[in-house]
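Me: I am new to this structure. Please walk me through the reasoning behind its labels, step by step.

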Number of protein chains: 4
Amino acid sequence: MDMIKQAQEKIRWARKYMSVMKEIEERFSAEKIFQDKKIGLCLHITTETAFLARILEKSGAKVYLTAANPLSTQADIVSYLENETRIKVLGFRGMTEQDHFENLQKIIDWEPDLIMDDGAELISLAHDMNNTTIIGATEETATGYYKVLKIDDESNLRFPVIATNFSFCHDLFDNKHGTSQSVIDGIIRATNALISGKSVVVAGYGQCGSIFADKIRGMGANVIVCEVNPQKALEAALAGFRILPMKQAAAEGDIFCTFTGNINVIKKEHIDVMKDNVILCNAGHYDIEIDKRALAQMAVGMEKTRENITEYVLENGKTINLIAEGRIVNMAAAEGHPAAVMDITFALQLLSLELFTIDDGTMQTSIYEVPEYIDENIANLKLEALGIQIDELDHEQLIYLENAIVD
Amino acid sequence: MDMIKQAQEKIRWARKYMSVMKEIEERFSAEKIFQDKKIGLCLHITTETAFLARILEKSGAKVYLTAANPLSTQADIVSYLENETRIKVLGFRGMTEQDHFENLQKIIDWEPDLIMDDGAELISLAHDMNNTTIIGATEETATGYYKVLKIDDESNLRFPVIATNFSFCHDLFDNKHGTSQSVIDGIIRATNALISGKSVVVAGYGQCGSIFADKIRGMGANVIVCEVNPQKALEAALAGFRILPMKQAAAEGDIFCTFTGNINVIKKEHIDVMKDNVILCNAGHYDIEIDKRALAQMAVGMEKTRENITEYVLENGKTINLIAEGRIVNMAAAEGHPAAVMDITFALQLLSLELFTIDDGTMQTSIYEVPEYIDENIANLKLEALGIQIDELDHEQLIYLENAIVD
Amino acid sequence: MDMIKQAQEKIRWARKYMSVMKEIEERFSAEKIFQDKKIGLCLHITTETAFLARILEKSGAKVYLTAANPLSTQADIVSYLENETRIKVLGFRGMTEQDHFENLQKIIDWEPDLIMDDGAELISLAHDMNNTTIIGATEETATGYYKVLKIDDESNLRFPVIATNFSFCHDLFDNKHGTSQSVIDGIIRATNALISGKSVVVAGYGQCGSIFADKIRGMGANVIVCEVNPQKALEAALAGFRILPMKQAAAEGDIFCTFTGNINVIKKEHIDVMKDNVILCNAGHYDIEIDKRALAQMAVGMEKTRENITEYVLENGKTINLIAEGRIVNMAAAEGHPAAVMDITFALQLLSLELFTIDDGTMQTSIYEVPEYIDENIANLKLEALGIQIDELDHEQLIYLENAIVD
Amino acid sequence: MDMIKQAQEKIRWARKYMSVMKEIEERFSAEKIFQDKKIGLCLHITTETAFLARILEKSGAKVYLTAANPLSTQADIVSYLENETRIKVLGFRGMTEQDHFENLQKIIDWEPDLIMDDGAELISLAHDMNNTTIIGATEETATGYYKVLKIDDESNLRFPVIATNFSFCHDLFDNKHGTSQSVIDGIIRATNALISGKSVVVAGYGQCGSIFADKIRGMGANVIVCEVNPQKALEAALAGFRILPMKQAAAEGDIFCTFTGNINVIKKEHIDVMKDNVILCNAGHYDIEIDKRALAQMAVGMEKTRENITEYVLENGKTINLIAEGRIVNMAAAEGHPAAVMDITFALQLLSLELFTIDDGTMQTSIYEVPEYIDENIANLKLEALGIQIDELDHEQLIYLENAIVD
């Protein structure tokens, strides 16, 4: 199959499970929501992004897309966008930091009206360049959110930004269910290990780690949770999990997965006591949670044999199997988030971006979370797509609630 | 066994599972934290409350206790407190509204320094009476919290109030695990029904309902969730539950339990389609969630035979079994919260009350939530009592986190 | 409420959840299945037994009932049967061994046609007495089954016996779901302990123990399994449970429950290392699984304070809380099996007893299990009562299966 | 990496998780258990089989291996065996039925002493050829077992056969945990669907289907079970699953998976009512459970786009996505059983084969199951490998058990 056809098939497949986006596509296209708007995107150039960009185009926008991360760029998707749409695409697999920066620059120079960002690099550059055309931007990540906060602290934002990462629906689909499933998927693909009967050590019982703990227990694992926060530790304990400090857990675990966002959560003193042939992986954003340097120093041999596995043979004769060099396991060893998850992530971005097309003077040059009604709207669209009906409050109940709260 | 001895045994048993309170008892007694303070309590007069009041007394306080609700007063506990301690007790089972009001009045007239409240009635009265002696109060319930908010809105608070209901630990033990277990307990005691294989309809997938849904699924039930909030409905769906509007759920359920805080969640149109011999109960605070009036009107016969069960025979020949007249099922048909839950609830009150003994000028006449460090402290004490050790951040990790957030 | 009325209400309540029995009642009554038969019963005299006995009476039988165990006799049920039916009842609470034996003798002297037994005492006596009237018997327990086997080995059975204990449905309802739920119920009633966060040690991962482990994990417990059988231990491990020898488990558990059928599974060396205030209970038939003698010898104090709890204070200062003196916890501290479970247990007995009314010469004087078609029939009746429809094999599928197996 | 090296790496990886086999390898090699024995194997030529064959060789045997199924042959493994061992290998990917038959013939002509079979084709041929050298055979599959039974019925076996399929450990690892995990793996790889929130229809609640239902519920699915057997349906209901006839389930499901061993379990009348974009797959041995012919006839379009997916567009406009053409999904769309599962499967074969080397005259020319003590032995070896210790019966307990059963 040629690349363009392949990209089209991939988009078609993803689209099946992106029911909220399909609803939005229909309305936006009909209403030409972004007629003549210039929209600059800095996103991972993937199947789902192509679908997103096409919706913008169908809504009347001119679209300029650069890659948030060169490694995640899918070549067939680039081919498709370049050949079958009017979307301008910058970024190819293997481009340099310099290329990346020049691409960002090109988009800002193009003087976009709107920005959709993943990591706040476009937003930052727009500020550095004193761009005056932008009327609003959306930002997908937590990292990006903190960057924007800092900009606002130091030199005031020049346009409003809506950060979508903290919305209920984003958290539910992306952090909770998307991550937990794809991490399990990544572990099984990389190792073909039988989960049943394994001791799985979960470091970090936050949004992602807690649901992962739940699901992998559902697959037959005996879960041990490590935490630094007493409240989360207690929450895990009351959910029936065993809690241990990592030093003790290290000696019992068969599979270790980190969800902490912190550095060297698994380090020399832990690796020292591990059993032979344990599996280590990381589900956090950066490859810092497992101390790879220590691992390399401790190793007398190191081999990459099976795909996505590095085997470190230690002086004590034991082998430690590291998945995907400690990089985020669901991206590196599986397909990342299911399309059904990106459906929500991108729907939040789209409906947030739409807000900037309504100039009612209420938006300040500040950073916003997604308005509750949009989050609710997306939940409703998703329920509809799932064929789920829910109850509505009747008149009596509305009255009661009002009084209960006011009174 | 005579009543006093019985009360002592009950307190001794509860104390076993109140490990956080035991720690507090030890420190407060040694340090005489409340030396010569006059403390007015308006609480349910139960086993755990007796333990709480004794701790206050041992900490040097003079204690005056009245019943938050006459129905929950345990006579043996009153006997014990009156005969074996210097705590003054007002309130007996069966007292009238008038008695209740006079009791509150007596406590305010006594000019207490501190108040511990459950429902904010003492706090309200102190405001109405322009009391000037009180330096601070704690309030346990959400209802009380809203009352205090309203006072503050309308006429400004005269002393600081700490509301404990929204703390992480209170939510975890009380709303989540305490309620879910005791509701299951109540249903089984009232009916001796086999849960396995039953369709259980859960109305309201909030803090309490969601964990109840989880636990009763763990007992073998097939759970259907009813919701009015699309986000919660979606959350329930992603947790694997079936979602239906009540009208459809009504025709499928064997057991129904309401957790909504709203009125007439189960009403005539639902009862009309129910199967024969279904079981209805309510886990919400008030007996309003199931429309008892409708049930009575629809019934051609009504019998109280088994303890805590009313059987309504409908015109269509079917029988509806209502537990505890729709009153809160875990209190009415089981023993209420386990002592391990009240341990946390009361520890939060005690450590909050302690804050008023430290006059550092930072407390305003405002309403506060429990400070995070107290909540954490309680989590730590509980973990210790459970014999659970957790990790600590090392220096490198502390530095990393600081930079990650600031930078 | 007077005793007879009370008994009637209890029977009426139980009957609601005994849907298979109701179906059988209807058919047997209409067809007078046992017209003029003399049927001797040796069963626990409980609510459900009263319902069973009434069905036999309505089916035309003369019924003579004695208590399988004097302790389980419910006085109100005796009153009801004596006053409101023609069933003859022997046995009262507190009767002696001698009384018990005389009662059995009276029933055999009465020359019954059929016997329904629980423990095979009537069956044994009939053999010892060379009874010649009996054409068949049913036996409910495993213990009884082994007794009958031995009779047959030593001196040949004089009439056919159907043992119902090993049928699929009996196992599913009684051993698996009935026991697991009622044991949890018993533990909570006796202690009011919060299950969430507790380490629960399950000794014996057989039919009962495995489902109990599952359900109590579903209630938030962290479960440790102890086993002597390597295959069952492996099965538990693959289901995600932690496996430890009792000596190690003893030091970690908060609640211990035995399901082994063996002696002194928890003994001195285990009790020695237990934590303070652990809870011990037994779900096996006899009170032998926890070494009570050792416990008494180790104790410097022993108190029965809370109902169904004995507290042993050890020399090491720790307290061990034993539920119901180590007797079967679901019977002793809760209400025993739900009516929905006895529905299946007794339906199996009734449909087995019916087989003896069809004299087609195929029944030998041997011991039988319940024929598969009866077990299936009961499953079908129960599904119907639950409103559950299932698929049927179509012609093509029947043909395929036949060929697949033969060919 | 060249093919031989690649095969060696694969074997090395698999060997890590085949701890029971490693134990056997050590003992068999040391004791030269099969010194000078000629062993004919008819197995899938996979990584794990290579490890097995090497153990036989190291134990002193001459080994001749042909492929049980040409499609499953891994070319690199063939390369490795041919170049790096003295094992003779027949069979290559793409060979014809004729080739296959000739290979079987060559092995029988070679006059082996022992046979290890998967499907009983070697065993059948040996009988047809009146082979007289064979002293025993092992057979892995249920299908093979039934074939051997038929041979024995029709013309008497000429040598003893041990069928390993029904052993406790085989069932636990292979049917239950191996299949359930790898089926989930196959579904996710083929579709990248988010399991949470999906309605998953499980046809057949047997050994495989029941654990699959459990695990996929653990991953967040809402499970519907279809059954034709009332007892299994009841078992599923009591485990909390919803039971529906396929006709109703068909209209509700998002993902369908068949585990029945029967024909056309999903057929035209079901497909007619399915929702758009449902996913169908089969976990049974043969691709007969979903009526592919009906699907093709109903389709107005049919496309293979995504790997392992065929999309059928129906006249009603809906798309049905079939995984791996209805062939066994865990083999076709994932990696089949984890090595930890094959560890048990092959260990059973090896220890069974060893029995034929001990000529104590007790083995008849009959078909046997694996002796209980071997199954227990394997369980013990596996527990040891998992680092799990279990309890042992003490003297008192052994005595008690003996008396309890005899007496």
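**Helix H9 and its surroundings**

Reply: Start with helix H9 of chain D, residues 207-218. This is a predicted model. The helix has twelve residues and reaches 17 Å from its first C-alpha to its last, close to the 16 Å expected at 1.5 Å a residue.

Me: What makes H9(D) mostly covered?

Reply: A residue is buried if 20 or more other C-beta atoms lie within 10 Å of its own. Eleven of the twelve residues of H9(D) are buried. Among them are D:Cys208, D:Ile211, D:Phe212, D:Asp214, D:Lys215 and D:Arg217.

Me: Which elements do the buried residues of H9(D) pack against?

Reply: One partner is in another chain: helix H9 (207-218) of chain A. The others belong to chain D: helix H8 (168-191), strand S7 (199-203), strand S8 (222-226) and strand S10 (255-258).

Me: What follows H9(D)?

Reply: D:Gly220 follows, and its phi is positive, near 105°.

**Chains D and A**

Me: How do you know how chain D relates to chain A?

Reply: Superpose them. A turn of 180° with a shift of 0.0 Å along the axis lays chain D on chain A, with an RMSD of 0.1 Å. The same surface serves both copies, since 100% of the contact residues of chain D recur in chain A. Of the residues of chain D, D:Gly218 comes closest to the axis, its C-alpha at 1.9 Å.

Me: How many residues does each chain bring to the contact, and what kinds are on the side of chain D?

Reply: Chain D gives 29 residues and chain A gives 29 residues. On the side of chain D, helix H1 (3-16), H8, H9 and helix H15 (339-355) each supply at least two. H8(D) has the largest share, five residues. By class, the side of chain D has twelve nonpolar, ten polar and seven charged residues.

**Chains A and B**

Me: Why is the relation between chain A and chain B called a two-fold axis?

Reply: A rotation of 180° with 0.0 Å of shift along its axis superposes chain A on chain B, with an RMSD of 0.0 Å. That is the relation of a two-fold axis. The copies also meet through the same surface, because 100% of the interface residues of chain A are interface residues in chain B too.

**Two helices of chain B**

Me: Why are H1(B) and H4(B) called roughly perpendicular?

Reply: Helix H1 (residues 3-16) and helix H4 (residues 75-84) of chain B pack at an angle of about 100°, with axes 8 Å apart. Angles of 65 to 115 degrees count as roughly perpendicular. The pair therefore earns that label.

Me: Which residues meet there?

Reply: From H1(B), they include B:Met3, B:Ile4 and B:Gln6. From H4(B), they include B:Ala75, B:Ile77 and B:Tyr80. The contact has six nonpolar, four polar and two charged residues.

**One loop residue**

Me: Why does B:Phe241 count as buried or exposed?

Reply: The cut-off for buried is 20 or more neighbours. B:Phe241 has 24 C-beta neighbours inside 10 Å, so B:Phe241 counts as buried. B:Phe241 lies in the loop between helix H10 (230-238) and strand S9 (242-243) of chain B.

Me: What does B:Phe241 touch, not counting residues up to four places away in sequence?

Reply: B:Phe241 touches B:Ala213, B:Val223, B:Val225, B:Ala236 and D:Asn222. B:Phe241 and B:Arg217 are 24 residues apart in sequence, yet their C-alpha atoms are 9.3 Å apart in space.

Methods: Residues numbered from 1 in each chain as written. Chains lettered and ligands numbered in written order. Predicted model: local features only at pLDDT ≥ 70, side-chain atom pairs only at ≥ 80, totals over all residues. Least-squares fit on C-alpha atoms with pLDDT ≥ 70 in both. Contact = placed C-beta atoms within 7 Å. Helix = DSSP H or I, 4+ residues; strand = E, 2+ residues; numbered from the N terminus. Expected span 1.5 Å × (residues − 1). Nonpolar A, V, L, I, M, F, W, Y, C, P; charged D, E, K, R; others polar. Axes fitted to C-alpha atoms, helices over the stretch in contact; angles between N-to-C directions. Parallel < 35°, antiparallel > 145°, perpendicular 65-115°, else oblique.
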